Amino acid sequence: MINETLIIVLALIAGILLGAIYFGGLWLTVVKVISVKWSALWFFGSLLLRISIILTGFYFIARGHWERLLVCLLGFIIARFIVLRLTRTEKRVT
């Protein structure tokens, strides 16, 4: 019981980490694409790298258990909201 609970908590933490990598990488790509010549290639390369990291992470975390995959996906979604909050720019009223 304790062991399975620990695995579920670790899957949640891993999902948050994977989400931070994915959405943080997306944010960095959008910021970087302004200054590069081949922006479409930059977006496509970033997409392939981020998706390959995320799918590999989900595969190794799940290990055939749908519960772990579901909790990891929950952590991934939580990370989306965290990254959105951290990267939000404030609108200034002039």
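Helix axes are lines fitted to C-alpha atoms over the stretch in contact, and angles run from 0 to 180 degrees between N-to-C directions. The model is predicted: local features need pLDDT of at least 70, side-chain atom pairs count only at pLDDT 80 or more, and totals for chains, interfaces and linings use all residues. Residues are numbered from 1 along each chain as its sequence is written, and side-chain values use heavy atoms, without hydrogens and water.

**Exercise 1.** Find how H1 and H3 are oriented to each other.

Solution. Helices are DSSP runs of H or I with at least four residues, numbered from the N terminus. Take helix H1 (residues 2–32) and helix H3 (residues 66–87): their axes come within 6 Å and cross at roughly 40°. Angles under 35 degrees count as roughly parallel, over 145 as roughly antiparallel, 65 to 115 as roughly perpendicular, and the rest as oblique. H1 and H3 are therefore oblique to each other.

**Exercise 2.** Decide why the protein counts as more spread out than a compact globule.

Solution. Start with the elements, which run α-α-α from the N terminus. The radius of gyration of the protein is 16 Å, well over the 12 Å from the globule rule for 94 residues, so the protein is more spread out than a compact globule. That radius is taken over C-alpha atoms, and the rule is 2.2 Å times the number of residues to the power 0.38. Next, the C-alpha trace spans about 55 × 35 × 15 Å along its principal axes.

**Exercise 3.** State what share of the 94 residues is buried.

Solution. Buried means under 20% relative accessible area (1.4 Å probe, protein chains only). Of the 94 residues, 26% count as buried.

Definitions and conventions. Helices (H or I, at least four residues) and strands (E, at least two) are DSSP runs, numbered from the N terminus. Buried means under 20% relative accessible area, exposed over 50%, partly exposed in between (1.4 Å probe, protein chains only).
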